[in-house]
Amino acid sequence: MIYFHWENKPKEALMKKTLTILALALVLVAMVSAQTINVLFWDDAYPRTLMERIPEFEKATGIKVNIEILQPPQVFTKTSVSVSKDRTDYDLVCVDEGNIPLFASLMLPYDQWAPGKVFKKVDPNTVTPAMLDVAQWDGKLIGLPINGNLYVWMTRKDLIENPKYKADFKAKYGYDLGVPQTFQQMLDMGTFFYSNGIVSGGFGPFNGGPAGVFGEAIFMWESYGTHFIEWKGGKPTLVVDKAKAVQGMEFYKKLMAIAPKGAETMAHVERQAAFCADPKGVFTQFIWPAQIASYEDPDKSLVAGKIVYSAPPAGPAGRFAIRGTWAVNIPLASKNKEAAAEFVYWWASKEIATWLVEKNTVPARTDALTDPRFAKSKPWLAAIADSMKYAAARPRFKEVAQVQDIVKKYWIMGITGQMPCDEAMQKIIDETNDVLKKAGY
Amino acid sequence: MSSRKPVTDSPRAGRPEGKARTRAPFLFLAPAILIVFAVLIFPIIFSLFVSTWDWPLSEGAGIRRFVGLGNYTALTRDPEFWNSLKLQLGFIFIAIPIELLFGFSAALLLNREFFGSRIVRSLLLLPVFFLPILSGMTWRFMLQPRYGPLNALLISLGAPEITWLGNPSTAYAAIIIQDIWRMWPFMFMLLYAGLTAIPQELMEAAEIDGAGYWRRLGSVTIPLMIPTILTAILLRIIDALRVFSEVYVMTEGGPGSATMLFSLYTQRQAFGYQKVGMASAMAIFLLIVSIVFALTLVRRNMSLDVLEEKAGG
């Protein structure tokens with residue numbers, strides 16, 4: 001009888017058996033929980049589109065993906081608070097390229113990522129060269145660049161192809177109306193449409209958050225032939241040529257004169273409303289490719305299918321396309337590094353990248369962006385490829401947020417006429433120097 | 001009759017029980033004191049502690065090191081700090097008197113019964129229930145120069161188009177107007193409650209003595225309302241010192257730093273510049289300012305003697 005069997009067992013054996021069962025149960029629970037990864041996404045059309053396919057990944061690998069999706073400033077804050085060297089709330093975080101220096105020491109270098117079990121480890125060389133640099137820091141690849149975000153220019157096709165406007169413009173300016181190739185052409189054409197009441201804005205500026213305004217300032221300064229900050233002798237150094245920088249600011253001030261009303265505070269929402277929802281709209285402006293899906297959505301945009309995409313127009317020193325790419329990174333403290341890596345290999349695979357292109361978003365893989373199937377249906381892809389030839393990065397260093405605030409403050413004061421551009425630029429120089437000095441550089 | 005002596009008569013027996021009696025209230029209060037310490041006092045002490053450190057938000061931004069009063073002295077040298085303090089105090093001294101004026105006037109007007117008076121009083125409270133962030137968003141869109149209804153109205157009346165949030169002075173005015181719109185009903189709510197609590201006999205006595213409306217207002221109503229008015233002002237000041245989300249969504253502190261209130265600058269220090277120590281020093285500074293306001297209002301104007309004096313006089 002069982003009763004006797006149990007009774008006869010020594011107590012130690014019974015205890016041993018119970019403990020073994022408990023330990024096995026714990027291991028099983030641990031194994032199941034190891035198959036869940038916490039991912040921190042930034043909020044835009046690209047990760048939101050990807051989310052549609054995540055159940056497929058979960059089915060293929062048995063790894064459950066917990067997603068938290070936040071606006072970029074909150075992604076930055078959450079990463080700052082939740083990721084350290086020895087603990088992390090996330091197994092995978094998305095880091096904006098400007099913040100790579102801040103978080104690099106907390107992330108696992110890509111060459112240490114485990115090989116995939118279900119999906120093959122992605123060769124970094126599949127990433128477009130202009131984007132690969134995004135995740136490089138201190139000679140190491142910190143994570144993998146995941147989207148192909150850099151300035152692409154949008155111009156209203158319906159306006160530049162209108163025979164009457166073409167004739168009138170040529171009569172006034174002596175050259176053909178078309179996609180602006182230079183800053184001067186952009187100003188001429190924008191002024192033509194704006195002063196004749198054809199558009200609400202001849203140019204759509206960006207005067208929203210500090211990082212975006214910093215991008216505009218760097219775009220203008222590079223286009224006028226000066227860098228702002230460079231790494232020299234292992235430290236960020238202010239190298240700006242004030243005269244050239246002031247010229248860039250002055251030119252932007254001229255563009256502000258043909259911008260839509262409220263341009264002083266235009267962020268992405270207002271730019272999109274002005275370009276897509278205003279019946280007159282805006283003639284030309286830059287766009288981050290991540291936002292193209294909204295501009296080309298006929299339900300949201302009056303100009304869907306009426307936009308020509310190109311590389312940015314050239315300033316006196318040439319063309320420059322500011323980059324704003326995100327990298328995916330695995331924190332050193334993650335306990336689910338392999339599962340997190342598996343998720344990235346799936347996300348950056350050719351199949352998913354191609355599907356993301358099909359859905360009007362822009363991954364970082366060259367083969368997906370240059371897929372001939374999309375050459376006609378996705379006209380912005382050629383423009384992105386062209387812009388990548390002129391990719392330029394915003395300066396990257398740990399104290400960049402303070403410098404961005406300084407630049408934003410005085411840049412807007414300069415371009416809106418609240419302060420002479422020369423004085424505004426001097427303030428930028430003085431206060432940036434002060435920040436760098438206080439930081440010990 | 002018991003042969004036992006009363007406990008108090010016995011020095012040996014009395015001492016322990018006396019101690020127990022002394023201890024008992026503290027033991028009963030201990031859980032509450034502990035909770036108050038954990039929830040109210042500890043965060044302040046911790047904030048004070050952090051304010052003496054160079055404390056980066058992210059471990060990637062550097063290492064923590066003790067700086068003593070370094071953050072406080074650095075703040076005094078930071079022009080943006082003084083600018084944000086000036087803007088914050090300006091916000092308080094402009095918005096709150098106007099809210100008080102509107103709230104008190106409305107309370108006086110509506111302190112009577114008429115058809116629909118309850119509905120009117122309830123409807124007036126609606127803005128207070130608006131989420132601050134939603135209020136900021138709504139005002140941001142209302143003030144949009146091209147498709148905002150305010151400009152549409154002004155233009156239809158022949159006024160020029162105004163870029164409300166793009167100009168430093170109009171942006172500052174806009175955040176104050178938004179606050180007045182949202183919070184004057186709060187003043188109304190408190191002051192109306194105060195008005196209804198005034199004994200009717202006093203008013204009737206004043207009326208029999210020949211006092212007109214304005215005399216009754218100046219000599220009876222306002223003196224009796226002083227505690228309520230001061231409480232309302234104090235609550236609003238404390239609230240206005242912490243105003244953040246509505247201004248953040250309206251202007252993010254811009255244009256330039258025209259609306260970079262103290263609270264917004266504190267947030268920038270902590271989450272933008274990764275300087276938690278500096279932000280904590282600002283928080284402690286704000287706490288001191290709040291205490292100064294509270295002490296000035298409460299100790300000098302709300303002591304029982306003063307109130308009795310005012311009510312009696």
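**Exercise 1.** Decide whether F186(B) is buried, partly exposed or exposed.

*Solution.* Start with the rule: a residue is buried if 20 or more other C-beta atoms, placed from the backbone, lie within 10 Å of its own, exposed if 12 or fewer, and partly exposed in between. Next, take the count for F186(B), which is 18 other C-beta atoms within 10 Å. F186(B) is therefore partly exposed.

A word on the source: this is a predicted model, in which local features need pLDDT of at least 70 and side-chain atom pairs count only at pLDDT 80 or more, while totals for chains, interfaces and linings use all residues. Residues are numbered from 1 along each chain as its sequence is written, and chains are lettered from A and ligands numbered from 1 in the order in which they are written.

**Exercise 2.** Place F186(B) in its helix and find its contacts beyond four places in sequence.

*Solution.* First, look at helix 7 of chain B, residues 168-196, where F186(B) sits; a helix here is a DSSP run of H or I with at least four residues, numbered from the N terminus. Then set aside the neighbours within four places in sequence: V128(B) and R236(B) are in contact with F186(B) (C-beta atoms, placed from the backbone, within 7 Å). Finally, compare A232(B): 46 residues from F186(B) in sequence, its C-alpha lies 8.2 Å from that of F186(B).

**Exercise 3.** How many residues does each chain bring to the contact between A and B?

*Solution.* Chain A brings 27 residues and chain B brings 23. On the chain A side, helix 19 supplies the largest share, six residues.

Methods. Helix = DSSP H or I, 4+ residues; strand = E, 2+ residues; numbered from the N terminus. Contact = placed C-beta atoms within 7 Å.
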